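Biologist: Before we discuss this model, please show it. I would like each label tied to its rule.

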Amino acid sequence: MKKAITTMLLVLAASLLFLVSTQPVFAQDGANLYKTKTCIACHGPDAKTPLMPVYPRLAGQNEIYLLNQMKDIKSGKRSNGNSAAMKGVMHLVTDAEMEAISKWLSTLPKF
Amino acid sequence: MKNMFSKGLVVLSLMIFAGSANVMAQSVFAEGAKWGSKVKEALDALELKGDPENGYDIYQVCAACHLPTAWGDPAGTFPMLAGQHTSVLIKQIADIRAGNRDNPTMYPFAIQIEGAQDLADVVAYIATLPMNPDPPTGDGKLLKRGEELYKVNCVKCHKETGEGSIKDSFPLIGGQVYDYIIRQLKWIRDGKRRNANPDMVKQVNEFSDEDFIAVADYVARLKTPNHKRNLDELKTNPIYKNVKH
């Protein structure tokens, strides 16, 4: 009985460790990534004061919409408007990082 | 060259923020720089004394991508600006603003710098920054070939150390970010970078992509005289605290 419990506890500990280590980048990293991946430069520190009036505000936008736009600009599927300005920097972010950034942006106040 | 000239003139007149009179002045900087941009604000900025303190304020916008150290991005997306000649920086920003060099990412940042004095100020600030003592390089496998190519093709303008020439506006390339060098070389050869010196375009015309990898790896490792400048900044300024020196 004791051996069974010990084994179960070990398995539980290992599972938790595995879960934690394979977690995608957390949303709070999104704030940091937004800076280090240079999104901040064009979209503004609050994600709603862009450098150019024709650049979009991102704060409070829908998470999946943001992610799709990033992916499409990165792949070239979206190539309209100012996406040329953004395409050059998209290789700086992985899918996981784009997810984290989108998630964080969606939590920001719109106004 | 003439077509690009007149194209640049049209774009310039539409886009220069101050709306100043569009006078194409003769280059006053150096005989060797006559191939360079005739953009008026560039020529003006070259003659002005820059104020690095005002330049620091202007640079904060640039720092988001080029980093506070001005060492650029190791992946080569944004070049190192530290150590670059003021004449070269002035020309590049002016060319981007005027549409002589296509860079949609840079364009809105370039237009933040309003006029010749601000241009002189920001490059004066950048000139105070030390260069990266340990820049990213390639894998080192083609260095011998890179060295041979460099000595035959590049020394004449960029010098043995890769320092180029401030007077002739030949860029300092020694220690530049490896991947950035490769991309610019390809774009110069293929005509995508339209504001390159025509002699440069001719010089790299026969280079293969692998030649570029070889020469870029060699060049990224070069140490120019500018590397020795401002070295005490590395020791005293906290933004360099993680650098080994």
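Biologist: How many salt bridges does the rule find across the interface of chain B and chain A?

Modeller: Zero. A salt bridge needs a side-chain nitrogen of Lys or Arg within 4 Å of a carboxyl oxygen of Asp or Glu. This is a predicted model, where local features need pLDDT of at least 70 and side-chain atom pairs count only at pLDDT 80 or more, while totals for chains, interfaces and linings use all residues. Residues are numbered from 1 along each chain as written, chains are lettered from A in the order written, and side-chain values use heavy atoms, without hydrogens and water.

Biologist: Why is the pair K91(B) and D95(B) called a salt bridge?

Modeller: Their side chains meet at 2.8 Å, N to O, and the limit is 4 Å, so the pair qualifies. Both residues lie in helix α4 (residues 86–98) of chain B, four residues apart, about one turn of the helix. A helix here is a DSSP run of H or I with at least four residues. Over all chains, the search finds 15 salt bridges.

Biologist: What makes up the contact between chain B and chain A?

Modeller: Chain B gives 12 residues and chain A gives 13, where contact means heavy atoms within 4.5 Å. The two chains bury about 970 Å², 77% of it on carbon and sulfur atoms. That area is the accessible area (1.4 Å probe) lost on being put together, summed over both parts.

Biologist: How many residue pairs are in polar contact there?

Modeller: Two residue pairs, both at pLDDT 80 or more, are in polar contact between chain B and chain A. The term requires N or O atoms within 3.5 Å, one able to donate a hydrogen and the other to accept it; residues adjacent in sequence count only through side-chain atoms on both sides. On chain B, the elements giving two or more residues to the side that touches chain A are α3 (52–66) and α5 (107–110).
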